[in-house]
Amino acid sequence: MVGEINTYVQLYALSVLEADHEILRVTFGAGNALTGGTMTLDGLKITIPDNCLVTLPAIYASWQELSAPGAMPGFGSPGVQGNVVNGAYIAGLVFIAQNPAQVLQGTIASIDTATGHFTVTSANGPLNCIINDPTGFYTGIPYTDAPLWTCDPNNPSIHAQSGFPVCIPTSQNTKTCPPTNRPQNGGVPLTQFTFSAPPVAAGQPDPMLLVPLAVGDFVSFTGTKVGGLLAINALTANLGIYTAPGTKPAYVNCESVQYGVASARPGIEVAETRAVVFVTDPSTTLQWFAMDVDPCNGTVTERNIMLLQPSQVAPLGRSIFRLGKTLISPVTSQVGFRLSTGTITTGNGLIAGQFIQPIFNFIFPEILAFGDVPFTLNFEIIPFLAQGSGPYTPGNPVGPAPINCLRIGQLNPWPGATAPAPTNCPNPCAFPSAAPSATSSAAAAPASSAPAPPDQILSASGTLSQARGVVTLNVVAQVNNPNSILSVSVQGPSPIAPQIMIKGTTVAGGVTNWSLAVSIKANKPTGITVTSSGGAPAVSRAV
């Protein structure tokens with residue numbers, strides 16, 4: 001018998017608000033760092049399989065990492081998606097936060113520049129806070145009491161509403177969080193401003209550095225209670241901070257994303273895959289891409305999902321990606337967003353211009369007709385669960401590096417009737433020599449020089465579609481040289497500078513197909529121009 005565990009979608013859907021369904025007991029199996037265990041919720045014992053990575057607010061961690069003393073301070077309702085297999089409750093996906101529904105708001109009342117502690121106004125008096133910052137990125141003063149519930153320094157989770165990373169000013173971070181990065185008017189810190197293009201003169205606001213928060217800023221935040229402090233892992237300041245159009249750095253922040261899981265079963269409803277993202281440069285297009293992971297070596301390959309023009313009216317820089325009935329398969333554990341101007345490493349060591357977002361909201365298909373036989377969650381079509389995701393690296397940002405290489409394999413026991421065939425990987429497991437590489441879905445320039453002209457753009461066309469107020473332009477083109485790289489620019493009320501298209505198949509004679517989908521929440525474009533790196537004459541078409 002196989003059935004769905006409803007603790008995440010139905011049975012415990014309201015417990016986050018009621019806060020009365022707590023983790024009663026956890027166990028940790030003997031083995032290695034990827035060994036699972038069990039979790040008991042209100043008397044319901046759920047098996048956590050081996051190789052299950054738990055999604056925490058900013059990182060992934062193995063089940064064993066939660067076994068450290070004090071690793072789970074006062075934790076309540078987790079999110080669990082799984083199936084009942086022969087009477088046993090087996091998890092497929094696990095999400096844990098101390099209070100998943102917590103969103104607090106208030107005004108910063110004080111900042112202690114010696115310690116990095118700050119207070120926020122509340123109905124019950126000042127709330128004592130600190131950024132949960134084990135590396136000291138946002139404060140210059142590492143806070144290491146709860147490292148698994150950390151903020152994210154690589155994809156700034158402490159930021160302005162527009163996406164610009166912000167910081168708590170202290171005596172230890174005056175170089176990376178300088179007071180000059182928060183301009184004032186009559187002694188009052190500005191809440192809206194745009195940086196000049198770098199390089200900037202000494203002592204002037206520098207977009208390569210963080211912007212300090214100030215007393216009086218209104219903030220929304222969430223975190224973990226540790227003793228008498230709230231250790232914050234995510235904070236959004238009500239600030240409109242932007243970067244100069246078409247320049248680097250520019251910053252990206254993902255507000256929300258959900259992934260609709262596909263199914264071939266008839267008579268079902270599949271959820272829409274969508275995302276909301278903010279950027280500091282709305283003049284530049286933003287690419288959304290999936291991140292496919294090699295199950296053996298962990299190498300990441302990017303797969304284009306959509307290119308979008310951010311809003312150029314209020315709310316400035318907002319990008320709403322909606323795919324409607326278009327299914328994006330296979331499912332990935334993370335997605336990324338990158339501005340077309342590219343990335344740059346800032347003075348703080350941050351890679352600006354992109355944002356990598358773990359998926360917290362996988363929505364599985366649901367039956368349409370009441371009374372139909374319910375079906376199990378189809379984990380077998382999710383590669384990182386069914387095949388694994390390469391060498392394991394601990395999530396703890398200040399934890400010790402692993403001594404032996406372990407490969408994250410298929411969930412075991414499998415949360416379904418029959419486990420899919422696993423991937424056979426070469427042995428022994430070896431750590432990658434560098435961070436997993438990414439192959440851009442928008443083709444990068446080849447190592448060899450561009451082909452000598454003439455090449456020829458054989459065809460080019462653009463078609464328009466519209467849904468929910470968003471106009472999508474689909475451009476397709478062909479070139480007679482497989483080494484050529486095609487780009488397209490868009491003409492109309494909201495013109496778009498040349499964008500590298502996505503390389504497709506190559507057929508007989510070296511004819512190569514290219515395509516690009518661009519979504520614009522504005523007036524319809526009027527034309528396109530396709531150009532080639534091989535020197536072919538540009539081809540313009542009306543749309």
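1. In this predicted model, Thr-47 has Ile-90 of strand β8 as its bridge partner. The two strands involved, β4 and β8 (residues 88-95), pair in the parallel sense, and the pairing rests on two bridges.

2. Strand β4 spans residues 44-48, and its side chains alternate between two faces. Leu-44, Ile-46 and Ile-48 point to one face and are buried. Lys-45 and Thr-47 point to the other face and are not buried. Thr-47, the residue bridged to Ile-90, therefore belongs to the face that does not count as buried, where buried means under 20% relative accessible area.

3. β4 also pairs with strand β3 (residues 37-41), here in the antiparallel sense, through five bridges. Within this pairing Met-39 stands opposite Ile-46, and Ile-46 is one of the buried side chains of β4.

4. The hairpin of β3 and β4 has two residues between the strands. Asp-42 in this hairpin takes a positive phi near 50 degrees, a value to keep in view when checking the backbone there.

5. A separate site is Asn-132, in the loop between β11 (127-131) and β12 (158-160). Is Asn-132 buried or exposed? Its relative accessibility is 0%, so Asn-132 counts as buried.

6. A polar atom of the Asn-132 side chain lies 3.0 Å from the backbone oxygen of Ala-146. With neighbours within four places in sequence left aside, Asn-132 is in contact with Tyr-143, Ala-146, Trp-149, Thr-150 and Cys-151, and also with Ala-231 and Ile-232.

Key: Residues numbered from 1 in each chain as written. Predicted model: local features only at pLDDT ≥ 70, side-chain atom pairs only at ≥ 80, totals over all residues. Heavy atoms only, no water. Buried < 20%, exposed > 50% of the residue type's maximum accessible area, 1.4 Å probe, protein only. Helix = DSSP H or I, 4+ residues; strand = E, 2+ residues; numbered from the N terminus. Pairing = 2+ DSSP bridges. Polar contact = N/O pair within 3.5 Å; in protein donor to acceptor, adjacent residues only side chain to side chain. Contact = heavy atoms within 4.5 Å.
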